[in-house]
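Grab a pencil and work through the exercises below with the model open beside you. Try each task before reading its solution.

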Amino acid sequence: MSKIELSEKEIEVIKAQLNGEIDGWTATDEQQKLLTGVINKAEALMDELNAYDDDFDDLIQWFWNKYQSQDK
Amino acid sequence: MGRNSGGVVNISSGGAGSKNAHIVIQAVQKSRPLSDIKDKSTYNEIFRGVSRFESVMGVRERSVKMADLTAMNALGVTYIKGDGKSNGILLNSTFFDRKKSAIEHDVKTKHYDTGFKNKTNAPLQHTITHELAHATWNASMQTTNAKAAGKEITSLYHRFLGDKKKKGYGSYGKTNVSEFWAEAVTKAIHGTADKYTKRVKNIARKYKL
């Protein structure tokens, strides 16, 4: 698996999304751009790992788990 | 599951341990009927959205009221209890108690132009449709039918994520299965039909959501 690189701001937006602090309608322009960038990275990783049969219902949580597990 | 998201808040614990649940419980107590909306074209457009949702999805009208949700920075919220069933929808009065043209301008410039949300030709109706979809099904629901529907919706969500040819979807619907459901239902009602819109309509009817 390629190493996942995330900026501080991307980590911040991931945590906010997972804590239910971002609403799709009230996300700022910056939050939208950051979250879209995270989604693009997550999709690329899904393609690389062919992970479409993985058991998950939250792409951001799945990606965050992958990010955290790579440092262990 | 049972977690809270921006669109769905579980108030079964009485607000303990969740800032958003506490805010929603207070907001429910202070909620007002939609007939309090000053701009009648906004009020009428919301009800057109509710009626269209019912006719396309075959789902009964839900309790929809208005309250100040500024403290949780949400445009609208579906509040649920232990079994995950919807107890109602609150729309944020600071957003909805405005002129229809102002609301539609905001949705177009802040959510359509950025590619974050599906584009529709009914931006105001889109906002209410999205909330009604969360009330119809979300990943926190624990009823037998909702869990059975959840398996099909999650499988569909995975197909959606792997589909590089899909058209007309914003990026937010990819974040999790509940947001995928809400945006696919929105496209089923206000957008161009595709294999995902057909499936979500079938699932809603099959499981009597």
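Contact here means heavy atoms within 4.5 Å. This is a predicted model, in which local features need pLDDT of at least 70, side-chain atom pairs count only at pLDDT 80 or more, and totals for chains, interfaces and linings use all residues. Residues are numbered from 1 along each chain as its sequence is written, chains are lettered from A and ligands numbered from 1 in the order in which they are written, and side-chain values use heavy atoms, with hydrogens and water left out.

**Exercise 1. Find Asp83(B) and list what it is in contact with, leaving aside neighbours within four places in sequence.**

Step 1: go to the loop between strand E3 (76-80) and E4 of chain B, where Asp83(B) sits. Helices (H or I, at least four residues) and strands (E, at least two) are DSSP runs, numbered from the N terminus.

Step 2: read off the partners, which are Ser140(B), Met141(B), Gln142(B) and Thr143(B).

Step 3: check a C-alpha distance. Ala146(B) is 63 residues from Asp83(B) along the chain, and their C-alpha atoms are separated by 9.8 Å.

Step 4: classify the residue. Buried means under 20% relative accessible area, exposed over 50%, and partly exposed in between (1.4 Å probe, protein chains only). Asp83(B) has 35% relative accessibility, so it counts as partly exposed.

**Exercise 2. Move on to Gly88(B): is it buried or exposed?**

Step 1: locate Gly88(B) in strand E4 (residues 86-92) of chain B.

Step 2: apply the cut-off. Gly88(B) counts as buried because its relative accessibility is 1%.

Step 3: look at who surrounds it. Not counting residues up to four places away in sequence, Gly88(B) touches Ser63(B), Val77(B), Thr78(B) and Tyr79(B).

Step 4: try a C-alpha to C-alpha distance again. Gly88(B) and Val59(B) are 29 residues apart in sequence and 14 Å apart in space.

**Exercise 3. Describe the fold of chain B as a whole.**

Step 1: count the elements, and you get eight helices and four strands. Their order from the N terminus is β-α-α-β-β-β-α-α-α-α-α-α.

Step 2: test the overall packing. The radius of gyration is taken over C-alpha atoms, and the globule rule is 2.2 Å times the number of residues to the power 0.38. Chain B comes out at 16 Å, close to the 17 Å that the rule gives for 209 residues, so chain B is as compact as a globular protein of that length.

Step 3: add the burial, with 59% of the 209 residues in chain B buried. Of the contacts in chain B with a separation of 6 or more, 67% come from residues 24 or more positions apart.

**Exercise 4. Do the same for chain A, then look inside helix H1.**

Step 1: chain A has three helices and zero strands, running α-α-α from the N terminus.

Step 2: a compact globule of 72 residues would have a radius of gyration near 11 Å, and the 12 Å of chain A agrees. Buried residues make up 49% of the 72.

Step 3: in H1 (residues 8-18) of chain A, the buried residues are Glu10(A), Ile11(A), Val13(A), Ile14(A), Ala16(A), Gln17(A) and Leu18(A). They pack against helix H2 (29-49) and helix H3 (59-70) of chain A.

Step 4: Gly20(A), just after H1(A), takes a positive phi of about 70°.

**Exercise 5. Which residues other than glycine have a positive phi?**

Step 1: start from the background. Most residues other than glycine have a negative phi.

Step 2: take Asn50(A), with a phi near 50°. Asn50(A) is in the loop between H2 and H3 of chain A, and at 61% relative accessibility Asn50(A) counts as exposed.

Step 3: add Lys208(B), whose phi is about 50°. Lys208(B) lies in the segment after helix H8 (195-206) of chain B and is exposed, with a relative accessible area of 70%.

**Exercise 6. How many residues does each chain bring to the contact?**

Step 1: chain B brings 34 residues and chain A brings 24 residues.

Step 2: get the area. Buried area is the accessible area (1.4 Å probe) that two parts lose on being put together, summed over both. Chain B and chain A bury about 2500 Å² between them, 53% of it on carbon and sulfur atoms.

Step 3: pick out the top contributors on chain B. Phe116(B), His158(B) and Thr175(B) supply 23% of the area that chain B buries against chain A, more than any other three residues.
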